Amino acid sequence: MSDAPLVGIIMGSTSDWETMRHAARVLDELGVPHETGVVSAHRTPQRLYDYANTAADRGLKVVIAGAGGAAHLPGMAASMTHLPVLGVPVESKALKGVDSLYSIVQMPGGVPVGTLAIGKPGAINAGLLAAAILATSDEALAARLKAWRAAQTENVATDPE
């Protein structure tokens with residue numbers, strides 16, 4: 001198996017890492033090579049353009065983009081690549097991430113972004129969904145994903161006490 005990244009995890013600022021690290025952790029647990037970076041739609045538009053336009057050529061298969069507030073990063077990335085983009089709304093101080101959720105989920109028809117839950121649960125699920133997308137053509141990863149889910153099931157208590 002190559003160590004070349006298959007998933008790109010990008011975020012609008014370093015403060016978003018507190019949320020997005022959960023996507024990276026899940027991918028690490030499943031053995032999915034990935035890269036991370038700060039790519040601001042508003043403050044580093046050329047970096048975003050370069051990242052999104054070269055993602056497929058660099059071997060990425062899925063992009064996970066986390067952003068808070070106006071949260072333009074996932075949609076702008078999706079507008080510049082044919083790869084699946086999974087958007088994670090990062091919780092904002094002003095509106096608790098609802099603003100981020102609306103910004104990501106309300107993409108116009110023709111520019112899809114798979115939008116996950118606000119915050120840590122969304123980042124975890126983005127990692128799992130990216131792995132599931134890759135697992136459609138990787139039997140070994142599919143087996144690891146099935147084992148991860150089985151372990152999750154086994155860890156649920158049967159008794160409330």
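Let us start at glutamate 29, which is partly exposed, because its relative accessibility is 43%. The model we are walking through is a predicted one, and glutamate 29 is a good place to enter it. This residue pairs with arginine 25 in a salt bridge, where the closest N and O atoms are 2.7 Å apart. Arginine 25 has a relative accessibility of 35%, so this partner counts as partly exposed too. Why are the two separated by about one helical turn? Glutamate 29 and arginine 25 are four residues apart in helix α1, which accounts for that spacing.

Stay with helix α1 for a moment, because arginine 21 and glutamate 18 are also found there, three residues apart, and are likewise separated by about one helical turn. Their side chains meet in a salt bridge, at 3.0 Å from N to O. With a relative accessible area of 34%, arginine 21 is partly exposed.

How many salt bridges does the structure hold? There are three, and the pair still to visit is glutamate 35 with arginine 58, whose closest N and O atoms are 2.9 Å apart. Here the partners come from separate parts of the chain: glutamate 35 belongs to strand β2 (residues 34-38), while arginine 58 sits in the loop between α2 (45-54) and β3 (62-68), so the salt bridge ties together parts that are 23 residues apart in sequence. Is glutamate 35 buried or exposed? Its relative accessible area is 19%, and since buried means under 20%, glutamate 35 is buried. Arginine 58, at 36% relative accessibility, is partly exposed.

Next, let us turn to strand β4, where valine 88 is found. Its relative accessibility is 0%, so valine 88 counts as buried. Which residues does valine 88 touch, not counting those up to four places away in sequence? They are Thr19, Met20, Ile64, Ala65, Gly66, Ala67, Ile104, Ala117, Gly119, Gly122, Ala123 and Ala126. For a sense of distance, look from valine 88 to arginine 43: these residues are 45 apart along the chain, and their C-alpha atoms are separated by 19 Å.

Following the chain beyond β4 (85-90), we come to the loop between this strand and α4 (98-105), and serine 92 has its place there. Serine 92 counts as buried because its relative accessibility is 13%. Leaving aside neighbours within four places in sequence, the contacts of serine 92 are Gly69, Gly97, Asp99 and Ser100.

Our last stop is a pair of helices. Two packed helices are described by the angle between their axes and the distance between the axes. For helix α5 (residues 120-135) and helix α6 (residues 139-154), the angle is about 140 degrees and the axes are 8 Å apart. That angle makes α5 oblique to α6. The two helices cross in a left-handed way. Where they meet, α5 contributes Leu128, Ala131, Ala132, Leu134 and Ala135, and α6 contributes Leu141, Ala142, Leu145 and Trp148. Sorted by class, this contact has nine nonpolar residues, with no polar and no charged ones.

How values were computed: Residues numbered from 1 in each chain as written. Predicted model: local features only at pLDDT ≥ 70, side-chain atom pairs only at ≥ 80, totals over all residues. Heavy atoms only, no water. Buried < 20%, exposed > 50% of the residue type's maximum accessible area, 1.4 Å probe, protein only. Contact = heavy atoms within 4.5 Å. Axes fitted to C-alpha atoms, helices over the stretch in contact; angles between N-to-C directions. Parallel < 35°, antiparallel > 145°, perpendicular 65-115°, else oblique. Left-handed = near helix turned anticlockwise from the far one by under 90°. Nonpolar A, V, L, I, M, F, W, Y, C, P; charged D, E, K, R; others polar. Salt bridge = Lys/Arg side-chain N within 4 Å of Asp/Glu carboxyl O.
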